[in-house]
Amino acid sequence: MPNASSWSASSPLLLLWEDSSGTRIFLSLLYAVLAISGTLSNVMVIYLVFSFKKLQTTSNAFIVNGCAADLSVCALWMPQEAVLGLLPPNSSSLRSAEYRLLRGGLLGLGLTVSLASHLLVAFNRYVLITKLPSVYQALYQRRHTGCMIGLSWALALLPVPLLPGLWTLGSAQSDGSSRYTALLLALAVLGQTALLLHCYLGIVRRVRGSAKRVSVLNFPLLHQLPFPAAPPPPRRAQRRLSSVSVLLLCCVFLLGTQPLVWVSLLGFFLRPAPPALQAASWLLLCSLSALNPLLYTWRSEEFRRAARSVLP
């Protein structure tokens, strides 16, 4: 019988050979729920932006780019993992190197472009809020915006051949190349996270000094109350709510990305993390693909109004 390391290296769910069928079924159902909800939410956001002119902004173009990338994970990769988790451990589908390369490519392409889109949205909002309008208009012309989106996909295609090595990042039998691939992934996500936090914390500082300009962020303002006769809220409350919205976005992003970063660093410098911890860190990162559409649109009045007009 193969040991735990060989099963960890060949399983799409990073399960141990000794794990019960109930555990594999539970993870398969979880992947199925994420796949359905993520596909519907990403498709809805893309449809709304293309259907309503008010939503066709530069920031929303980057959000749509991220939704398209998340569909690669939610609509193409997750359903396969849900099905493969129900197959016997000795299934030939799990052992096929070509099929693992395809799954790894879909996952790598989707996650890389999705993470890049997070950074593009953050930088776009940072420039919009903290710089002069002339600087924003010069930087975000339509041609420049298209080049940024195209570059995110071009860069994502470069590391795709390395992704299958990440399946073995926690295996005791994994070779040096997979360990360095995991290190490269961790450093890339850490760098991207540092830039994203710099942008959003800069926005928070500016919002605290000028609550009047926060509406361009599509973050909620307290004057949007359900009863029309309500008095306008104090400006300090507006700044506080807007800052909380930014910090909430950052916290959700950190919760989804950082566990895999530190699991990868632990496996490179010390010893491999337990397979269950590896699986949980991957699942958190992949779940961002289903949460991203809600993360950027759930408190936007424009998106809510557009959604109400198309949903019964």
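User: Is A154 buried, partly exposed or exposed?

Analyst: In this predicted model, A154 is found in helix α7. The relative accessibility of A154 is 40%. Buried means under 20% and exposed means over 50%, so A154 counts as partly exposed.

User: How far apart are the C-alpha atoms of A154 and L109?

Analyst: A154 belongs to helix α7. Along the chain, A154 and L109 are 45 residues apart. In space, the separation of their C-alpha atoms is 9.7 Å.

User: Which secondary structure elements does the protein have, and how many?

Analyst: Read from the N terminus, the order of elements is α-α-α-α-α-α-α-α-α-α-α. The count of strands is zero. The count of helices is eleven.

User: What share of the residues of the protein count as buried?

Analyst: The protein has 312 residues. A residue is called buried when its relative accessible area is under 20%. The share of residues in the protein that count as buried is 49%.

User: What percentage of the contacts with a separation of 6 or more comes from residues 24 or more positions apart?

Analyst: The contacts considered here are those in the protein with a separation of 6 or more. Among these, residues 24 or more positions apart account for 76%.

User: How are α3 and α7 oriented to each other?

Analyst: Helix α3 covers residues 58-84 and helix α7 covers residues 142-157. Their axes lie 11 Å apart, and the packing angle is about 20 degrees. Angles under 35 degrees fall in one class, so α3 and α7 are roughly parallel.

User: What residue classes make up the contact of α3 with α7?

Analyst: The crossing of α3 past α7 is right-handed. On the α3 side the contact is made by T58, A61, F62, N65, A68 and A69, and on the α7 side by T145, M148, I149, S152 and W153. By class, the contact of α3 with α7 has no charged residues, four polar and seven nonpolar.

User: At what angle do α3 and α10 cross?

Analyst: Helix α10 spans residues 275-297. The axes of α3 and α10 come within 9 Å. The crossing of α3 past α10 is left-handed, and the angle is roughly 145 degrees.

User: How many residues in the contact of α3 with α10 are charged?

Analyst: From α3, the residues in the contact are I63, C67, D70, V73, C74, W77 and M78. They meet C286, S287, S289, A290, N292, P293 and Y296 of α10. The contact of α3 with α10 holds ten nonpolar residues and three polar ones, and the number of charged residues is one.

User: Why are α2 and α10 described as roughly parallel?

Analyst: The axes of helix α2 (residues 21-51) and α10 come within 9 Å. The crossing of α2 past α10 is left-handed. The label roughly parallel applies to α2 and α10 because angles under 35 degrees count as such, and the crossing angle of α2 and α10 is roughly 30 degrees.

User: What residue classes are found in the contact of α2 with α10?

Analyst: L27, L30, Y31, L34, S37, G38, S41, N42 and V45 are the residues of α2 in the contact. The residues of α10 that they meet are L283, S287, S289, A290, P293 and T297. In the contact of α2 with α10 no residues are charged, seven are polar and eight are nonpolar.

User: Which residues are in contact with Q80, leaving aside its neighbours within four places in sequence?

Analyst: Q80 is part of helix α3. Its relative accessibility is 17%, and Q80 counts as buried. With its neighbours within four places left aside, the contacts of Q80 are Y99, R103 and L106.

User: Which residues does Q258 touch, not counting those up to four places away in sequence?

Analyst: Q258 has its place in helix α9 (residues 235-269). Q258 is buried, and its relative accessible area is 14%. Not counting residues up to four places away, Q258 touches V189, L190 and T193.

User: What is the distance from the sulfur of C199 to the nearest cysteine sulfur?

Analyst: Across the whole structure, the search finds zero disulfides. C199 is in no disulfide, and its nearest cysteine sulfur belongs to C250. C199 is buried at a relative accessible area of 5%. The sulfur of C250 is away from C199 by 9.7 Å.

Terms used: Residues numbered from 1 in each chain as written. Predicted model: local features only at pLDDT ≥ 70, side-chain atom pairs only at ≥ 80, totals over all residues. Heavy atoms only, no water. Axes fitted to C-alpha atoms, helices over the stretch in contact; angles between N-to-C directions. Helix = DSSP H or I, 4+ residues; strand = E, 2+ residues; numbered from the N terminus. Parallel < 35°, antiparallel > 145°, perpendicular 65-115°, else oblique. Left-handed = near helix turned anticlockwise from the far one by under 90°. Contact = heavy atoms within 4.5 Å. Nonpolar A, V, L, I, M, F, W, Y, C, P; charged D, E, K, R; others polar. Disulfide = S-S within 2.5 Å. Buried < 20%, exposed > 50% of the residue type's maximum accessible area, 1.4 Å probe, protein only.
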